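Me: I have a new structure open and would like to learn how to read it. Could you take me through it one feature at a time?

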Number of protein chains: 2
Amino acid sequence: MNFSILRKGIMTCALGCMPLFVVTADVLPGNARYVDPFIGVEGDGNVFPGVCVPFGMMKLGPDCGNKESNSGWDTNGNIHGFSHTHVSGTGGGSKYGNVLMLPLTGELQLKDYSSPRANEEAVLGEYKVDLSRYGTKVRLTALSKAGFHEYVFPESKESKVIFDLGSCLALQWCETQRLVGSEVRVLSDSSVEGYTRVKGGWNEGEAYTVYFYAEADTPADSIGTWKGTQLFPGVNAQFDSGEKTGAYFCYSTAEGQKINLRVGISYISCGKARENLRQITTWSFDEVRAQAVDEWNKILNKVELSGEEEDKVKFYTALYHCYLQPTDKTGENPKWTSGEPNFDDYYAIWDTFRATHPLFTLLTPSVQANIVRSLIDIYRNDGYMPDARSGNDNGRVQGGSNCDILIADAIVKGLQGIDYEAGLQAMLKNAEVSPGDNERKEGRGGLPDYNTLGYVSSAFERCLTRTFEYSNCDFAIATVAERLGKQDVAEKYYRKASNWQNTWNEKITALGHTGFAWPKERNGNFWPEDRYTVLTGGGWENPTYETFSFELSLYVPHDMKELIKKCGGEEKFTARLDTFFTHKEGDQRWRIGMFQVSNEPGFLTPVLYNYVNRQDKTAAIVRNILENRYKTTRDGIPGNDDSGSMSAWYIFHSLGFYPNAGQDVYLISSPVFDKATLHLENGKTLTVTVKKNSDKNIYVHSVKLNGKSLDKNWFRHADISGGGTLEFVMGSKPSGWSSDGELPPSMSDMR
Amino acid sequence: MNFSILRKGIMTCALGCMPLFVVTADVLPGNARYVDPFIGVEGDGNVFPGVCVPFGMMKLGPDCGNKESNSGWDTNGNIHGFSHTHVSGTGGGSKYGNVLMLPLTGELQLKDYSSPRANEEAVLGEYKVDLSRYGTKVRLTALSKAGFHEYVFPESKESKVIFDLGSCLALQWCETQRLVGSEVRVLSDSSVEGYTRVKGGWNEGEAYTVYFYAEADTPADSIGTWKGTQLFPGVNAQFDSGEKTGAYFCYSTAEGQKINLRVGISYISCGKARENLRQITTWSFDEVRAQAVDEWNKILNKVELSGEEEDKVKFYTALYHCYLQPTDKTGENPKWTSGEPNFDDYYAIWDTFRATHPLFTLLTPSVQANIVRSLIDIYRNDGYMPDARSGNDNGRVQGGSNCDILIADAIVKGLQGIDYEAGLQAMLKNAEVSPGDNERKEGRGGLPDYNTLGYVSSAFERCLTRTFEYSNCDFAIATVAERLGKQDVAEKYYRKASNWQNTWNEKITALGHTGFAWPKERNGNFWPEDRYTVLTGGGWENPTYETFSFELSLYVPHDMKELIKKCGGEEKFTARLDTFFTHKEGDQRWRIGMFQVSNEPGFLTPVLYNYVNRQDKTAAIVRNILENRYKTTRDGIPGNDDSGSMSAWYIFHSLGFYPNAGQDVYLISSPVFDKATLHLENGKTLTVTVKKNSDKNIYVHSVKLNGKSLDKNWFRHADISGGGTLEFVMGSKPSGWSSDGELPPSMSDMR
């Protein structure tokens with residue numbers, strides 16, 4: 001692909017800013033043309049801009065700067081090379097960045113072989129860059145377990161391709177990845193294999209091993225290896241002694257000479273890596289890239305949109321972000337065999353249960369069923385379902401045991417092929433068996449308190465977040481138990497689902513509102529008023545995790561009716577939400593009022609107006625965010641993408657509705673596109689049409705669901721899962737639509 | 001070695017039985033000649049009869065019968081082949097049995113290639129057997145990470161050597177090993193590598209991988225591989241797809257043609273396995289065997305003995321058993337790198353802390369220091385020190401966190417090079433952080449109870465054993481804390497060391513004795529009398545683990561003074577011990593009275609007479625066991641050898657003293673040999689001379705320690721660790737020696 005051709009289509013976006021990268025409609029087939037891999041790579045987005053197919057294990061991209069970045073890529077700093085494993089949109093200590101390759105010229109400087117870059121660009125299926133230190137040019141593309149490197153060399157008698165097995169991403173000050181060992185073996189003048197073994201990183205996971213097998217289309221003139229800081233020219237292998245090892249191929253190249261390399265990776269063996277390389281049977285870069293784009297279009301073309309081109313770029317890039325993770329490692333499990341699907345890099349389910357997984361359920365339910373099966377299989381073999389998992393190991397738990405909600409979401413939406421009895425057992429393990437020393441790894445921390453006192457006391461970290469989230473997770477358990485006919489279990493957990501109330505302190509008043517979640521000691525005493533505040537929070541050891549009590553006190557997704565009562569009724573609750581979205585607290589770049597656009601604990605908050613039939617306020621706040629906080633720039637995602645979480649939030653709302661995860665309920669917000677056609681997996685079609693849509697006509701004036709007038713602000717998954725139509729008519733002012741309609745269900749309605 | 005020459009030395013042993021195997025003194029050098037690898041392989045001994053050097057990672061031997069045996073070997077059944085990893089003297093589900101090789105003729109029958117055996121024999125450093133199905137003959141020898149196979153074939157055009165990576169030992173009904181995956185690659189007509197990955201087994205450990213690299217001295221005519229049940233002639237590799245794989249070399253052999261193979265193994269990679277193979281640089285079987293014997297003699301020759309030849313066979317074979325495990329896997333850790341020693345196959349420390357490790361401390365203190373360092377390193381990296389560990393993973397905890405006692409034992413005996421501050425942290429982790437769901441894997445189960453109530457309530461399994469053992473472990477913590485100057489920690493744990501008293505039920509009377517450990521509920525109520533009995537127990541879920549309350553109620557190694565008080569004073573305590581050793585309860589093949597000779601919870605009980613100055617009774621019971629329960633037959637160990645535990649018990653007592661682990665105290669019992677010279681690591685010599693010694697003169701009439709008369713029945717490690725002399729004079733009747741002497745110390749004397 002000629003990037004200069006691509007670039008001729010650049011246009012000015014509606015907001016007047018110069019978008020980083022907008023491709024013309026005729027360069028890539030299908031909706032792949034709308035994906036810009038560089039949206040969200042800067043700011044707090046942490047998006048991976050390298051090459052990868054949906055759920056691909058191979059995430060091939062550059063490792064930059066100090067190699068501390070989560071995605072490998074960094075705005076500044078040299079490129080060290082191109083490694084084959086990454087995560088996208090994540091925070092905390094960096095993970096992966098294994099098996100690093102680089103084309104260079106001249107003497108190999110092991111101490112620092114990195115190069116400044118030039119002409120760095122990417123489209124879906126292709127990343128390219130020039131390495132100015134060496135005069136080499138790189139293009140990368142990839143399938144799910146195999147990558148393709150195209151290196152173009154200058155004229156040089158000392159051209160080399162290096163394979164560094166000692167390199168990995170490593171944030172130095174916390175959650176650091178550490179090399180455990182590495183090994184390399186040159187098999188011929190054009191093939192090499194080996195592995196790197198690394199532990200730690202964000203989830204503080206146990207050691208994982210990335211094996212590789214690589215082959216070049218050009219025989220090397222000579223080869224060499226290294227161990228530690230010593231080069232061994234002509235020596236073809238270095239065994240694992242816990243040190244850094246690597247290998248290199250030497251070439252004498254003519255100006256512009258192209259050397260292609262194919263690389264298979266595996267988490268179980270070099271032999272499997274070699275087998276995985278068979279995914280690529282050609283030496284044509286373009287053929288491989290076309291296959292990668294084709295795999296993406298199978299996802300992206302599930303949605304057809306009519307609307308602004310820039311909104312399509314936002315939408316399809318968001319959809320692309322959602323399908324980057326979790327990683328499908330089926331057939332690549334070094335820990336057990338079971339015949340079940342094997343997904344990894346849940347990073348974290350605390351983020352993705354809210355919108356990403358409900359999106360999978362809507363668009364690709366078979367994939368979501370496989371993901372849930374993988375979670376249950378992890379429970380069977382590792383003891384607990386993960387809240388997060390990476391490098392084949394559980395950790396870290398953020399708040400609740402939110403896998404529970406995925407299982408409830410699956411059963412209420414009728415996902416097939418899941419052993420729900422085992423799922424319930426996995427949920428009950430979370431709810432009843434303390435993980436002990438592993439509280440940040442899996443299960444529920446503070447469980448002894450929660451199960452005896454009815455709340456997590458302030459003796460435990462994240463006590464309020466845990467209490468509120470456990471309540472919601474307990475509702476999920478009750479939901480599944482009831483559907484499996486286990487009424488006694490259901491009753492027990494419906495009761496526990498009210499536990500959030502045990503930390504509700506009626507005596508706290510803030511900004512004119514009374515009653516908030518408040519830390520409580522084991523003896524039942526609330527902390528004194530001067531010891532805490534409802535306006536700040538966050539961090540692992542705070543009572544509220546990545547949130548603060550004012551926000552958390554709005555988080556009872558399963559029992560809004562009771563929450564509204566606790567807040568003093570509908571009017572006072574509405575006023576509380578108004579305060580939440582208008583009182584300017586904290587950095588307003590990442591907030592709207594107190595609302596943290598960038599942060600999962602508030603994901604549901606804008607649609608809470610629906611629970612007091614003020615859907616017009618939902619529409620106003622959502623459209624504000626969609627238009628002004630999501631952009632097509634490198635910092636275009638309002639916060640860490642969190643494995644596509646921010647992106648999934650965009651997708652649902654831009655279609656006009658948003659899920660309350662764990663329930664079969666969608667809440668109507670405000671659609672962006674004139675028309676959206678969703679091709680469901682069952683062959684049916686869901687069509688969303690929006691009349692009188694514009695940037696100003698953001699209020700819903702009427703809705704028809706499957707041809708019938710809808711006078712409430714929500715509907716059920718079953719209403720659309722068999723296909724159907726959703727017809728909006730919009731206007732510039734609130735219309736009173738649905739203001740007398742049946743409220744979305746709360747726990748008392750659902751039991 | 002010619003086995004017929006060996007056999008000419010067979011003689012009748014003192015007891016009139018035909019010993020299985022007694023070698024003449026001139027066949028093997030040094031004390032190696034006294035080791036009979038077949039002692040303890042039958043009955044409940046579970047000893048491994050294959051080849052291995054001290055702490056060797058390579059334990060090469062046959063896998064027999066249904067492959068359910070713990071040691072691989074079995075009395076009955078065919079031989080499937082010779083695998084490279086085993087454990088010795090263990091119970092429960094079988095572990096290891098990886099990378100299995102076999103020489104065969106004719107067509108390879110994958111479904112069952114096992115063969116009946118003939119002429120099976122072993123001496124130290126060599127195992128040999130004939131495979132009658134194929135007419136092949138096998139000799140095996142091994143160094144620490146590399147094994148040597150000598151195969152002799154008949155005349156055959158279809159001779160083969162097979163490498164089975166799908167085989168492992170697997171007890172079917174519990175703690176079963178399961179194959180996770182395997183891979184094989186034939187590298188040339190005489191070399192092959194691959195791995196087998198297995199999870200489960202006794203400790204229910206996570207997956208471990210055994211890599212191998214093998215080379216033959218004879219090029220194969222052709223090669224082949226298999227996957228699952230399908231053979232692939234001429235195909236040189238099978239990648240890991242979770243199935244069983246293997247490879248074979250084909251030869252056309254002349255009658256009596258010898259084919260030698262060398263095999264390196266590794267737990268981290270094939271490259272490391274190949275590196276490990278460099279231990280063997282010869283194709284001479286005899287040279288390798290001589291090296292193995294030499295390594296053993298470095299241990300065995302540390303003790304010179306004068307006495308009965310049969311007793312020497314018992315002693316040196318016992319010494320050999322002790323040094324089979326733990327396995328030194330330094331440089332072979334796939335989970336982390338640290339520069340610390342890495343030992344595995346602690347199987348279990350609950351067994352070995354009592355006598356085996358104190359024996360290491362006496363004979364090879366540098367090894368014991370390395371072992372303790374490895375335990376602390378496991379804490380640093382895996383979170384807890386193990387009570388048991390195998391396949392690089394912790395589990396299962398039997399009773400207390402008895403690693404604590406090893407650290408106390410090390411500090412009181414002055415072992416050098418150990419980070420005792422880190423050791424204390426590791427102990428405090430055991431004592432203060434609940435392992436949650438991992439109660440059978442590591443840490444202390446029932447800890448929330450123990451640390452709030454002062455005892456483990458009957459809500460938890462093994463509640464009485466845990467309470468008693470935790471008390472002893474807490475004493476160990478106090479011991480270390482005090483020596484590190486942490487008086488507050490020491491005080492706290494000295495107090496907790498009395499917690500055993502909280503389960504002492506004064507109201508229980510049995511066999512005329514009153515006051516026993518008794519299950520107690522959380523609310524402080526003892527179980528009613530009709531719900532439990534002091535005479536039976538055992539099993540994971542019983543209040544007493546592998547013991548019963550009458551026996552456990554004698555187990556307070558650190559505070560005998562208080563225990564004797566609780567039992568009603570010295571006289572009543574003596575009577576209680578008398579009852580214990582005479583009242584016939586249970587199967588008397590494994591018991592003396594109620595005393596379970598075969599079982600660790602009673603290891604210390606015979607010397608408890610010393611604590612009431614009735615050392616004569618100690619002597620009588622110990623000599624009875626040494627003479628009558630330990631034999632030179634295949635079933636010559638009175639119970640599971642438990643990684644040399646039974647054997648270490650023999651060794652100490654046969655030298656005339658026995659350690660109270662965690663204290664620097666040896667209790668005098670009754671020596672067997674006329675003279676024992678111990679060559680200590682520091683170059684000094686400890687000499688034990690015994691005058692008037694005979695089978696009947698079992699009572700101590702006087703003792704001189706370092707030339708001075710010793711009028712008490714115990715001495716300290718420091719008294720002998722710098723070398724010295726211990727001079728016994730024996731007699732046929734109790735002499736009253738030491739009956740007024742200073743009693744061995746109890747907690748109140750030691751603080």
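Reply: Happy to; we will go from the pair of chains to the domains and then to the strands. Keep in mind that this is a predicted model.

Me: Let's begin with the two chains. What rotation superposes chain B on chain A?

Reply: In general, two copies of a chain are related by a rotation about an axis and a shift along it. Here chain B falls on chain A after a rotation of 180 degrees, with 0.1 Å of shift along the axis and an RMSD of 0.1 Å. That is the relation of a two-fold axis. To find the axis in chain B, look for G436(B): its C-alpha is the nearest to the axis, at 1.8 Å. Both copies use the same surface, as 100% of the contact residues of chain B recur in chain A.

Me: How many residues does the contact take from each chain?

Reply: It takes 31 residues from chain B and 31 residues from chain A. On the side of chain B that touches chain A, the elements giving two or more residues are β9 (177–188), β10 (191–200), β11 (205–216) and α2 (270–277). By class, that side of chain B has ten nonpolar, ten polar and eleven charged residues.

Me: Now inside one chain. Which domains does the assignment give for chain A?

Reply: Chain A has domain 1 (42–298) and domain 2 (303–750). Their C-alpha centres lie 37 Å apart, and 30 residues of domain 1 of chain A are in contact with 31 residues of domain 2 of chain A. Strand β11 (residues 205–216) of chain A gives three residues to the domain 1 side, the largest share. That domain 1 side divides into 13 nonpolar, twelve polar and five charged residues.

Me: And the strands? In which sense do β4 and β5 of chain B pair?

Reply: Strands of a sheet pair through backbone hydrogen bonds, either parallel or antiparallel. β4 (residues 117–123) and β5 (residues 126–131) of chain B pair in the antiparallel sense over five bridges. Within this pair, A122(B) stands opposite Y127(B). The two strands form a hairpin with two residues between them, and G125(B) in the turn has a positive phi of about 90 degrees.

Me: What is the order of the open sheet of three strands in chain A?

Reply: The order is β26-β27-β32, with antiparallel pairing. β26 (657–660) and β32 (714–716) of chain A stand at the edges with a single partner strand each, so one side of each is left without a neighbour in the sheet. The twist averages 30 degrees from one strand to the next. β27 (residues 665–668) of chain A pairs with β32(A) over three bridges, and Y666(A) stands opposite F715(A).

Technical notes. Residues are numbered from 1 along each chain as its sequence is written. Chains are lettered from A and ligands numbered from 1 in the order in which they are written. This is a predicted model: local features need pLDDT of at least 70, side-chain atom pairs count only at pLDDT 80 or more; totals for chains, interfaces and linings use all residues. Copies are superposed by least squares on the C-alpha atoms of residues with pLDDT of at least 70 in both. Two residues are in contact if their C-beta atoms, placed from the backbone, lie within 7 Å. Domain bounds come from an automatic or database domain assignment. Helices (H or I, at least four residues) and strands (E, at least two) are DSSP runs, numbered from the N terminus. Ala, Val, Leu, Ile, Met, Phe, Trp, Tyr, Cys and Pro count as nonpolar, Asp, Glu, Lys and Arg as charged, and the others, Gly among them, as polar. Two strands pair if DSSP finds at least two bridges between them. Axes are lines fitted to C-alpha atoms, for helices over the stretch in contact, and angles run from 0 to 180 degrees between N-to-C directions.
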